[in-house]
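Visitor: Before we look at the details, could you take me through the reasoning behind each label as we go?
Guide: Gladly; here is the structure to follow along with.

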Amino acid sequence: MTVQHEAGVQGEALEVWIDQDLCTGDGICAQYAPEVFELDIDGLAYVKSPEDELLQAPGATTPVPLTLLTDVVDSVKECPGECIHVRRVSDSVEVYGPGAE
Ligand code: SF4
């Protein structure tokens, strides 16, 4: 079941992480995809686990559900800090974000 929930580009599983060092704390990502992103009391955005747990370890990733891919990609595009990174799980290549080709 897990794979079906994490399909992304061409059906490949994707994951997302935030570089908090660059986060401006404006909250755009949490508005676009509140199921995936949330602002903590420190004013910075973090990704959440599928169980809705805030993941505060540096570089922590969470799966991108297919149903939320558009919202997550919009967050990447609108993020003023350019600090949201979406990558393939299989080879960690960034497919959306400042490091994408
Ligand atoms: S959109 Fe980017 S800069 Fe704004 S809160 Fe989210 S991660 Fe931080």
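**From value to label**

Visitor: Why is Lys48 called buried?
Guide: Lys48 has a relative accessibility of 7%, and because buried means under 20%, Lys48 counts as buried. Bear in mind that this is a predicted model. Lys48 belongs to strand 3, and its C-alpha lies 7.1 Å from that of Glu38, a residue 10 positions away in sequence.

Visitor: What makes strand 3 and strand 4 a pair?
Guide: The requirement is at least two bridges, and strand 3, residues 45–48, is joined to strand 4 by two bridges in the antiparallel sense, so the two strands pair. Within this pairing, Val47 faces Leu55 of strand 4.

Visitor: Why are strand 2 and strand 4 called edge strands?
Guide: The open sheet is built from three strands in the order 2-3-4, with antiparallel pairing. Strand 2 (37–39) and strand 4 (54–55) each pair on one side only, and that is what the term edge strand refers to here.

Visitor: How do you know that strand 1 and strand 6 pair, and what does strand 6 do with strand 7?
Guide: Strand 1, residues 14–18, and strand 6, residues 84–88, run antiparallel and are joined by five bridges, which satisfies the cut-off of at least two. Leu14 stands opposite Arg88 of strand 6. Strand 6 also pairs with strand 7, residues 94–96, in the antiparallel sense over two bridges, and Val86 has Tyr96 of strand 7 as its bridge partner. The hairpin of strand 6 and strand 7 has five residues between the strands, and Ser92 in this hairpin has a positive phi near 60 degrees.

Visitor: What makes the phi of Asp52 worth pointing out?
Guide: Most residues other than glycine have a negative phi. Asp52 is a residue other than glycine, yet its phi is positive, near 75 degrees. Asp52 sits in the loop between strand 3 and strand 4, and with a relative accessibility of 52%, set against the limit of over 50%, Asp52 counts as exposed.

Visitor: Why is Glu82 called exposed, and where does Glu82 lie?
Guide: Exposed means over 50% relative accessible area, and because Glu82 has 54% relative accessibility, Glu82 counts as exposed. Glu82 is placed in the loop between helix 3 (69–78) and strand 6. Its phi is positive too, about 50 degrees, although Glu82 is not a glycine.

Visitor: How do you know which space the ligand takes?
Guide: A molecule is said to sit in a cavity if more than half of its atoms lie within 2 Å of the cavity's grid points, and the space taken by the ligand is the largest cavity. This cavity holds about 100 Å³ of space and has 15 lining residues, with Cys23, Asp26, Cys29, Cys79 and Pro80 nearest its centre. Around the ligand itself there are 14 residues, the closest being Cys23, Asp26, Gly27, Cys29 and Cys79. That shell divides into nine nonpolar, four polar and one charged.

Visitor: What makes the second largest cavity count in the search?
Guide: The search covered the whole structure and found two cavities of 30 Å³ or more, and the second largest cavity has about 30 Å³ of space. Among its lining residues are Tyr46, Val47 and Leu55, and the lining as a whole has six nonpolar, two polar and no charged residues.

Notes:
Residues numbered from 1 in each chain as written. Predicted model: local features only at pLDDT ≥ 70, side-chain atom pairs only at ≥ 80, totals over all residues. Heavy atoms only, no water. 1 Å grid on protein atoms, 1.4 Å probe; cavity = no way out; pocket = protein on both sides within 12 Å on 5 of 7 lines; lining within 4 Å. Points joined across faces, edges and corners; volume = space filled by probe spheres on them. Nonpolar A, V, L, I, M, F, W, Y, C, P; charged D, E, K, R; others polar. Helix = DSSP H or I, 4+ residues; strand = E, 2+ residues; numbered from the N terminus. Near = heavy atom within 4 Å. Buried < 20%, exposed > 50% of the residue type's maximum accessible area, 1.4 Å probe, protein only.
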